[in-house]
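Reader: I should like to work through this model one feature at a time. Could we take each feature in general terms and then turn to the case at hand?

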Amino acid sequence: MKLLILNGPNLNLLGKREPTIYGNTSFEEYFEQLQAALPEAEMEYRQSNHEGTLVDIIHEVGFSYDGIVLNAGAYTHTSVAIADAIAGVETPVIEVHISNVHAREAFRHNSFMAKNCVGTIAGLGLKGYELAARYFIEK
Ligand code: DQA
């Protein structure tokens, strides 16, 4: 079971960035807890602030990994290219958001990628990544 956890722009600042919305934990810290909680999966974590790099990474793993847990950050609401990359690969993708995007500004309510994903988890904090990974492990 090979899973990629892929974070998009500004998520490298987790723990420092708007902590009232995104919390005080860095993703590196959380990823250690995640690996300890799910030893049955081989998990890799990658992050990029660049749209094309995210497309490249999806292509790179999208024909061999068993699942991608993707938080595309703000590109969720703007990127046709990432939505097309998800549609173009075989590996299933679950969309995750730390915050409840539907309770925030209207521009965060639309996701270009949601229709190409298995499902979406939003508003459950960092726990959303674990729940998404568990779906791939248990399905
Ligand atoms: C986010 C929500 C997005 O609207 C925002 O641009 C982010 C983070 C989340 O995890 O809640 O960068 O994807």
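**Reading the model**

Author: Let us begin with a single residue, His97, which is placed in strand E4. The model is a predicted one.

Reader: Is His97 buried or exposed?

Author: His97 is buried, because its relative accessibility is 5% and the cut-off for burial is under 20%. Setting aside residues up to four places away in sequence, His97 touches Asn71, Thr76, Thr120, Ile121, Ala122, Gly123 and Leu124.

Reader: How should I read the sheet, and what is the order of its strands?

Author: In general, the strands of a sheet pair through backbone hydrogen bonds, in either a parallel or an antiparallel manner. Here the sheet is open, has five strands in the order E2-E1-E3-E4-E5, and shows parallel pairing. Strand E2 (42-47) and strand E5 (119-122) are the edge strands, each pairing on one side only. From one strand to the next, the twist averages 20°.

Reader: Which helix packs on the sheet, touching E1, E2 and E3?

Author: That is helix H3 (residues 51-61), which packs on the sheet and touches strand E1 (2-7), E2 and E3. The direction of H3 makes about 175° with that of E1.

Reader: How many bridges join strand E3 to strand E4?

Author: Strand E3 (residues 67-71) and strand E4 (residues 93-97) run parallel and are joined by three bridges. Val69 has Ile94 in E4 as its bridge partner.

Reader: Let us turn to the nonpolar cores. Which residues of the largest one touch the most other members?

Author: As a general idea, nonpolar side chains tend to be buried together in soluble globular proteins. In this model the largest nonpolar core has 23 residues, of which Ile5, Phe27, Leu34, Met43 and Tyr129 touch the most other members. E1, H2, E2, E4 and H5 are the elements that give two or more residues to this core. Apart from it lies another core, of 20 residues, including Val61, Tyr65, Val89 and Met113.

Reader: With its neighbours within four places in sequence left aside, what is Leu34 in contact with?

Author: Leu34 is in contact with Ile5, Met43, Tyr129 and Glu130.

Reader: Tyr129 and Glu130 recur in what follows, I believe. Which residues of H5 are buried?

Author: The buried residues in H5 are Gly128, Tyr129, Glu130, Ala132, Ala133 and Phe136. Their cover includes E1, helix H2 (27-37), E2, E3, E4 and E5.

Reader: How can the length of H5 be checked, and how far apart are its end C-alpha atoms?

Author: One compares an expected span with the modelled one. Helix H5 (residues 127-138) has twelve residues and, at 1.5 Å a residue, should span 16 Å. The end C-alpha atoms of H5 are 16 Å apart, so the two values agree.

Reader: How many salt bridges does the structure hold?

Author: The structure holds nine salt bridges. Lys127, Glu130, Arg134 and Glu138 are linked in a network of them. Elsewhere, the side chains of Glu44 and Arg46 form a salt bridge at 3.6 Å, N to O. Glu44 is partly exposed, with a relative accessible area of 25%, and Arg46 is partly exposed at 24%.

Reader: And where does Glu18 stand, both in its salt bridge and in its backbone?

Author: The side chain of Glu18 meets that of Arg17 in a salt bridge of 3.9 Å, N to O. Arg17 is buried, with a relative accessible area of 18%, whereas Glu18 counts as partly exposed at 42%. Glu18 lies in the loop between E1 and H1, and its phi is near 35°, a positive value in a residue other than glycine.

Reader: What is the phi of Asn10?

Author: Asn10 has a positive phi of about 75°, although it is not a glycine. Asn10 is found in the loop between E1 and helix H1 (19-22) and is partly exposed, with 37% relative accessibility.

Reader: As a last case, what is Ala83 in contact with, leaving aside its neighbours within four places in sequence?

Author: Ala83, in helix H4 (residues 80-88), is in contact with Phe112, Met113 and Asn116. Ala83 is buried, with a relative accessible area of 4%. Ala83 and Ala103 are 20 residues apart in sequence, and their C-alpha atoms are 22 Å apart in space.

Notes. Residues numbered from 1 in each chain as written. Predicted model: local features only at pLDDT ≥ 70, side-chain atom pairs only at ≥ 80, totals over all residues. Heavy atoms only, no water. Pairing = 2+ DSSP bridges. Helix = DSSP H or I, 4+ residues; strand = E, 2+ residues; numbered from the N terminus. Axes fitted to C-alpha atoms, helices over the stretch in contact; angles between N-to-C directions. Contact = heavy atoms within 4.5 Å. Salt bridge = Lys/Arg side-chain N within 4 Å of Asp/Glu carboxyl O. Buried < 20%, exposed > 50% of the residue type's maximum accessible area, 1.4 Å probe, protein only. Expected span 1.5 Å × (residues − 1). Core = buried A, V, L, I, M, F, W, Y, C linked by side-chain atoms within 4.5 Å.
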